[in-house]
Amino acid sequence: MYEATPIVNGFPGKTETHGSFGWSSVWLLRGFDRVIIVETGPPSYLPLITTALSELGLGTNEVTDVLITHAHWDHLGNISLFPQARRWIGRVEYEWALSQAPDEPFVSQPLLGALSHPQGLLRLIDGESELVAGVRAHNVPGHTPGHLAFAVDTTEGPKLFTGDAAKNIHELESVAVDSAVDRGLGARSVTWIREFARNTGSSVVPGHDVECELTGHGWQRRSEQRAEIQFFHRRDAPPARISLSDAELGPVAVEPFPPECGMPRPSINEQANAE
Ligand SMILES: [Zn+2]
């Protein structure tokens with residue numbers, strides 16, 4: 001069994017003017033004499049990760065393994081922080097990412113290169129398998145071709161780390177994915193994730209949201225989603241602050257997607273059968 005701790009909770013937001021925030025989920029697993037980081041977040045997380053680990057009495061040198069669901073920059077951003085850790089990623093995913101052109105918007109070739117430095121630590125996962133005791137990889141393609149999810153036995157029960165195969169609670173609920181190299185395949189993977197959670201009692205840690213669970217009232221977040229933004233509004237005033245927390249947004253946070261999101265909301269069956 002692993003003790004699972006969120007290091008930085010993912011947040012399901014994106015800018016419409018300045019590219020992606022990349023606010024993804026980073027978790028720590030401790031057990032079986034291993035210290036495992038699940039995903040490394042965007043580069044801006046660096047101080048958050050080192051501070052959180054230090055508060056738990058851990059140095060980045062003590063991390064033994066890093067699990068990567070897929071090769072996008074906002075999941076690989078701090079791979080170099082863990083010089084002793086084995087780096088686990090799907091072989092299909094790694095080879096696909098290496099083949100992408102430098103202008104592919106979500107694959108950073110320098111970050112990808114960091115996976116194989118220092119040498120000898122890269123571990124390519126071939127399909128569904130147990131990586132280390134209590135951690136199993138599952139294929140959930142669609143967002144990217146070789147995307148993996150990781151099922152972990154924890155002291156709080158089983159958890160499934162889905163990366164961007166299910167980015168947030170809305171995708172879990174709607175089975176519609178808004179960014180994928182193959183949206184039909186992505187919808188099938190979300191359907192699989194929902195069935196896995198139902199059959200095993202697993203909670204789900206999406207790629208860009210707090211931990212979620214399936215309840216009698218549908219999918220629920222296990223903790224509050226929260227993000228704070230400061231900006232300089234006037235030259236003669238201190239920075240303004242926007243809180244994107246459930247508590248301060250109140251009912252707005254639970255409204256359905258506005259139409260301008262462009263998210264398809266077909267039935268589950270239609271999505272599962274989509275190409
Ligand atoms: Zn992604």
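Strands β10 (157-163) and β11 (203-206) each contribute at least two residues to the lining of the largest cavity in this predicted model. Of the two, β10 deserves a closer look, since the largest share of that lining, three residues, comes from β10. The full set of lining residues is S25, W27, V38, E39, F161, T162, G163, V205, P206 and G207. Sorted by class, the lining has five nonpolar, four polar and one charged residues. The space inside the largest cavity amounts to about 50 Å³, and the count of cavities of 30 Å³ or more comes to one. For readers who enjoy the reasoning behind such searches, rolling a probe the size of a water molecule over the atoms shows where empty space is left.

Open space is worth a visit too. The second largest pocket holds about 390 Å³. Its lining is made up of 15 residues, and V8, N9, L48, R226 and A227 are the ones that lie nearest the centre of the pocket. Eight residues of this lining are nonpolar, four are polar and three are charged.

Turning to the strands, six of them form an open sheet in the order β1-β2-β3-β4-β5-β6, and the pairing is mixed. At the edges stand β1 (3-8) and β6 (122-125), each of which pairs on one side only. From one strand to the next, the twist of the sheet averages 25 degrees. Within the sheet, strand β3 (residues 34-38) and strand β4 (residues 65-67) run parallel and are joined by three bridges. One residue pair can be picked out here: I37 has V66 of β4 as its bridge partner.

Two helices can be placed against these strands. Helix α1 (residues 46-55) lies across β1, β2 (26-31) and β3, and the helix runs at about 140 degrees to β1. Helix α3 (residues 91-98), in turn, lies across β5 (86-90) and β6, with an angle of about 85 degrees to β5.

Helix α3 also takes part in a salt bridge, one of 15 in the structure. Here the side chains of R91 and D126 meet, with an N to O distance of 2.6 Å. Because R91 sits in helix α3 and D126 in the loop between β6 and β7 (129-132), the pair ties together parts that are 35 residues apart in sequence.

Strand β7 leads on to a hairpin. Three bridges pair β7 with strand β8 (residues 135-139) in the antiparallel sense, and S129 stands opposite A137 in β8. Two residues lie between the strands of this hairpin, and G134 in the turn has a positive phi of about 80 degrees.

Finally, two details of the backbone call for a friendly mention. The peptide bond that joins H117 and P118 is cis, with omega at about -5 degrees. P118 belongs to the loop between α4 (109-114) and β6. The other detail concerns F32, where phi is near 50 degrees, a positive value in a residue other than glycine. F32 is placed in the loop between β2 and β3.

How values were computed:
Residues numbered from 1 in each chain as written. Predicted model: local features only at pLDDT ≥ 70, side-chain atom pairs only at ≥ 80, totals over all residues. Heavy atoms only, no water. Pairing = 2+ DSSP bridges. Helix = DSSP H or I, 4+ residues; strand = E, 2+ residues; numbered from the N terminus. Axes fitted to C-alpha atoms, helices over the stretch in contact; angles between N-to-C directions. Contact = heavy atoms within 4.5 Å. 1 Å grid on protein atoms, 1.4 Å probe; cavity = no way out; pocket = protein on both sides within 12 Å on 5 of 7 lines; lining within 4 Å. Points joined across faces, edges and corners; volume = space filled by probe spheres on them. Nonpolar A, V, L, I, M, F, W, Y, C, P; charged D, E, K, R; others polar. Salt bridge = Lys/Arg side-chain N within 4 Å of Asp/Glu carboxyl O.
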